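The following note sets out some points for colleagues who are examining this entry. The sequence and the structure are shown first.

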Amino acid sequence: MTIFGIGLDLLQIKRIRKLKKKNQIKLAKRILSVYEWKKYLMSSFSIRYISTRFSAKEAASKALGTGIQKGIYWNQLEIRNNKEGKPKIIFLKNAKKLFNNMKIKKSYLTITDEIKYIVTLVILEK
C-alpha cells in the first residue's frame with residue numbers, strides 16, 4: 001500500500017447553519033450530488049446532513065491535493081453510507097477522471113460528528 005494523500009477537515013456546524021439561512025436550496029444544490037439531494041430532502045437533520053457531506057468533500061479534496069478547483073465541483077464527490085452506516089466516497093464526472101488519472105486504487109473515509117463540530121479524515125491509496 002502506498003498512501004497518495006491524506007485529508008483532514010474540522011467543521012464548526014454553525015458555519016453551515018449561517019450559510020443555510022441565507023439560501024438553503026442554493027447551498028444544498030451546490031454541495032450535494034443528485035443522490036445526496038434526494039436523501040437531503042428526506043432528512044429531518046438537514047443541517048447535519050449538509051455539514052457532514054461538506055466536511056467529507058473538503059477532506060477528500062485535500063487528500064487529492066487539488067482542493068475544489070480544476071473542474072472539480074462539490075457535487076462530483078458523493079458520500080454514501082452502507083447498511084451499517086460506514087461512509088464511502090464516490091467520485092463522479094471530472095473527479096472520477098482525476099481519481100483514475102492519478103491511479104488511486106482505494107479511498108478511506110471516516111466522519112465523527114458531535115454537537116458543535118464534525119471531523120472528517122480521508123486517505124487515498126495508490
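1. In this predicted model, strand 2 (residues 77–81) is paired with strand 3 in the antiparallel sense, and the pairing runs over five bridges. Within this pairing, isoleucine 79 has isoleucine 89 of strand 3 as its bridge partner. Five residues lie between the two strands of the hairpin, and glycine 85 adopts a positive phi near 100° there.

2. The side chains of strand 3 (residues 87–91) alternate. Pro87, Ile89 and Phe91 are buried and point to one face, whereas Lys88 and Ile90 point to the other and are not buried. This follows the general pattern, since side chains in a regular strand alternate between the two faces of the sheet.

3. Strand 2 residues also take part in a charged pair: the side chains of arginine 80 and glutamate 78 form a salt bridge at 2.7 Å, N to O. Arginine 80 is partly exposed, as its relative accessibility is 31%. Glutamate 78, by contrast, is buried at a relative accessible area of 5%.

4. The whole structure contains four salt bridges. One of them joins the side chains of lysine 62 and aspartate 9, at 3.3 Å from N to O. Because lysine 62 belongs to helix 3 and aspartate 9 to strand 1 (residues 3–12), this pair ties together parts 53 residues apart in sequence. Lysine 62 is partly exposed at 39% relative accessibility, while aspartate 9 is buried at 7%.

5. A further salt bridge is found between the side chains of lysine 57 and glutamate 36, with an N to O distance of 2.6 Å. Lysine 57 is in helix 3 and glutamate 36 in helix 2 (residues 34–42), so the pair links parts that are 21 residues apart in sequence. Lysine 57 is buried, its relative accessible area being 0%. Glutamate 36 is likewise buried, at 0% relative accessibility.

6. Arginine 53 merits separate attention. What is the nearest side chain of opposite charge to arginine 53? This is glutamate 36, which lies 4.0 Å away, and arginine 53 is buried yet has no salt bridge. Glutamate 36 does have a salt bridge with lysine 57. Arginine 53 is located in helix 3 (residues 46–64). When its neighbours within four places in sequence are set aside, arginine 53 contacts Leu32, Glu36, Ile79 and Asn81. Of these contacts, Ile79 is the residue whose bridge partner in strand 3 is isoleucine 89.

Note on methods
Residues are numbered from 1 along each chain as its sequence is written. This is a predicted model: local features need pLDDT of at least 70, side-chain atom pairs count only at pLDDT 80 or more; totals for chains, interfaces and linings use all residues. Side-chain values use heavy atoms; hydrogens and water are left out. Helices (H or I, at least four residues) and strands (E, at least two) are DSSP runs, numbered from the N terminus. Buried means under 20% relative accessible area, exposed over 50%, partly exposed in between (1.4 Å probe, protein chains only). Lys and Arg count as positive and Asp and Glu as negative; His and the chain ends are not counted. Contact means heavy atoms within 4.5 Å. Two strands pair if DSSP finds at least two bridges between them.
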